[in-house]
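The following note is offered to a colleague reading the model alongside its sequence. The points are numbered for ease of reply.

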Amino acid sequence: MDEVTLTSLAKSAAEMARSIDTVWVLVTAALVFFMQAGFAFVEAGFTRSKNTVNILYKNLMDFAVGAIIFWALGFGLMFGTDISGFIGTPDLFFKSGWSGAIPGEAFLIFQTVFAATAATIVSGAMAERTEFKSYLIYSFVISAVIYPVSGHWIWGGGWLSQMTTPFHDFAGSTVVHMLGGVIALTGALALGPRIGKYDGKKVNAIPGHNIPYGTLGVFILWLGWFGFNPGSQLAASGSANADAISHIFITTNMAGAAGALAGLAISWLRWGKPSLSFALNGALAGLVAVTAGCDAVSASGAIAIGLIAGVVLVYAVSYIDNTLRIDDPVGAVSVHGICGGLGTIMVGLFSQTGGLFYGHGAALLITQIIGVAAVAAFAFIAGFILFKVLKSTVGLRVPKRIEEEGLDIYEHGESAYN
């Protein structure tokens, strides 16, 4: 076989691999996009019927607003040439693009759906009492600046990726979930509780109106996670990538299943009945927690991470509600904020290539703790400032009458159920 033929075959093989990798990334991006529907159903189901349109609208706008501003500004701040380890060089309207093994626009859409996920986490904690116009501004700011800045530290070549032992967050337990969860906390604090939630020392439950919606939403999110985590490999061609994405499917699934079982068991032990809502949130907690190390942990390690996250979830929800008296209607702070940070730290324990439990010392664990603390502090400060400004200018919370009668009619002029 002559040299020209060999060169031609090699070029064809490379082009085929690039095509396979591109299609894989685009398909998984579509799965992650579908998670917007999952969040919408979870949040609508766990809140009251009079606010359903408002919840669905916010999840739609998180993506619509976020997709445009992340393309126009956020992507460059996140993945542009590093400036002092803190931020990327702005690239307005994706003019310079991105260079890698797949087309720049394929990478852009994959990162866009991740940015939208970070933004939409917050809506559940701020549900049933937030001005719609203020929420649109929040969604714009997180996708334009807050998410890209901390994302650059980890995925864009910033300071956490430059540490002697680099910070490890494969698919976003901290980059996406903890960031969204901590900002959700600042939003809930800025708003205060819903009317009737706390009465003196008494904590009143405000049940969601449609548990089937919540259940469907969790199944959609679980499906989307099979894009979220395996898609972050950014490649499917070749045996190494095939093995990697197959393993990530397993670790992702095991953690979600273990989290659901933990939510079931702990709620049954504590209250004498197996709570479906805690099992659902336990599944999400396990999925969130394993996202950072889904590529690096074993199947048994993923089960351990899921079990721990599911247990922590139940106690975190109770502590935030009953002791801290912070009203988070869907448990977003616990699921995404606490379990996102916890799962990231547990990479330092369960990673087969760097974890303490595998004889590799504490270097990775220390890095993980530093990274989680830094992103949590940044998210809290940024969220606090953002909501403080919104509260002092355009207003953050709807008037009492609107909250009591429902945001759907007053904010949008339509009802979910007729």
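**Notes on helix α4 and its surroundings**

1. Helix α4 (residues 132–155) has a kink of about 50°, centred on Ile142; the bend at a residue is the angle between axes fitted to the seven residues ending there and the seven starting there. Helices (H or I, at least four residues) are DSSP runs, numbered from the N terminus. The model is predicted: local features need pLDDT of at least 70, side-chain atom pairs count only at pLDDT 80 or more, and totals for chains, interfaces and linings use all residues. Residues are numbered from 1 along each chain as its sequence is written, and side-chain values use heavy atoms, with hydrogens and water left out.

2. Because 17 of the 24 residues of α4 are buried, this helix is largely enclosed by the rest of the structure. Buried means under 20% relative accessible area (1.4 Å probe, protein chains only).

3. The largest nonpolar core (buried Ala, Val, Leu, Ile, Met, Phe, Trp, Tyr and Cys residues joined through side-chain atoms within 4.5 Å) has 100 residues, and Tyr138, Tyr147, Ile183 and Phe387 have the most contacts inside it. Helix α3 (residues 104–125) gives the most to this core, with 13 residues.

4. Leaving aside neighbours within four places in sequence, Tyr138 is in contact (heavy atoms within 4.5 Å) with residues including Ala118, Val122, Ile183 and Phe387.

5. Just after α4, Gly157 takes a positive phi of about 95°. Gly172 lies in the loop between α4 and α5 (173–191) and counts as buried, at 0% relative accessibility. Residues up to four places away in sequence aside, Gly172 touches Trp155, His177 and Thr291.

Definitions and conventions: Buried means under 20% relative accessible area, exposed over 50%, partly exposed in between (1.4 Å probe, protein chains only). Helices (H or I, at least four residues) and strands (E, at least two) are DSSP runs, numbered from the N terminus.
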